[in-house]
Amino acid sequence: MQNPFQEGDTKQYQKFITEADYAQFEAGLVHPVCSTFSLAQAMEWASRLFVLEMKEIDEEGIGTMVHIEHHSPAFAGETLQVEATFKTLHQNELRCAITVKAGQRLVATGQTGQKILKKEKIHRLLTNSRN
């Protein structure tokens with residue numbers, strides 16, 4: 001693993017909201033707004049942009065946590081600006097603060113955690129978890 005970053009560095013990702021991002025389950029539509037699940041995926045991707053530049057060819061990132069606080073809804077047709085801010089790197093675990101906006105409106109804030117591990121270790125962990 002390499003670390004060319006320092007605390008305060010940022011990565012940005014834009015996500016266009018569609019009906020596929022709505023809060024819905026097997027029983028049907030809950031709300032016609034961007035779901036927590038969809039927000040979590042976008043937040044993880046923004047922080048993964050750091051991981052992609054940090055991991056070696058024989059390594060991969062694996063999520064350790066996502067924390068989301070909703071501030072306002074996001075609607076179909078809006079483009080979300082998702083910004084990950086590099087907060088800490090303890091050994092091999094990256095923590096990022098995340099801000100999500102639709103224009104100037106704050107949609108969500110939160111945090112993500114990802115560990116960078118050898119691919120073989122991840123494979124071993126996942127294989128042993130099945131037993």
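Phe 5 and Phe 50 are both buried, and this predicted model gives us a nice excuse to work through the rings around them.

**Exercise 1.** Work out how the rings of Phe 5 and Phe 50 are arranged, and which parts of the chain they tie together.

*Solution.* Start with the general idea: a ring pair is described by the distance of the centres and the angle of the planes. For Phe 5 and Phe 50 the centres are 4.9 Å apart, and the planes make an angle of 85°. Pairing needs centres within 6.5 Å, and planes over 60 degrees apart count as edge-to-face, so this pair is edge-to-face. Next, place the residues: Phe 5 sits in the segment before β1 and Phe 50 in helix α1, so the pair ties together parts 45 residues apart in sequence.

**Exercise 2.** Find the link from Phe 50 to Phe 86 and say whether these residues are buried or exposed.

*Solution.* Take the geometry: Phe 50 and Phe 86 are 5.5 Å centre to centre with 75° between the planes, another edge-to-face pair. Now locate them: Phe 50 belongs to helix α1 and Phe 86 to strand β5, 36 residues apart. Then check burial, where the cut-off is under 20% relative accessible area. Phe 50 comes in at 0% and Phe 86 at 3%, so Phe 50 is buried and so is Phe 86. Put the ring pairs together and Phe 5, Phe 50 and Phe 86 form a cluster.

**Exercise 3.** Describe the helix that carries Phe 50: where does α1 bend, and what do its buried residues pack against?

*Solution.* Helix α1 covers residues 36-54. Follow its axis and you hit a bend of about 30° at Arg 48. Its buried residues include Arg 48 and Phe 50, and the buried set packs against β1, β3, β4, β5, β6 and β7.

Notes
Residues numbered from 1 in each chain as written. Predicted model: local features only at pLDDT ≥ 70, side-chain atom pairs only at ≥ 80, totals over all residues. Heavy atoms only, no water. Helix = DSSP H or I, 4+ residues; strand = E, 2+ residues; numbered from the N terminus. Expected span 1.5 Å × (residues − 1). Bend = angle between axes of the 7 residues up to and from the residue. Buried < 20%, exposed > 50% of the residue type's maximum accessible area, 1.4 Å probe, protein only. Contact = heavy atoms within 4.5 Å. Phe/Tyr/Trp six-rings, centres within 6.5 Å; stacked < 30°, edge-to-face > 60°.
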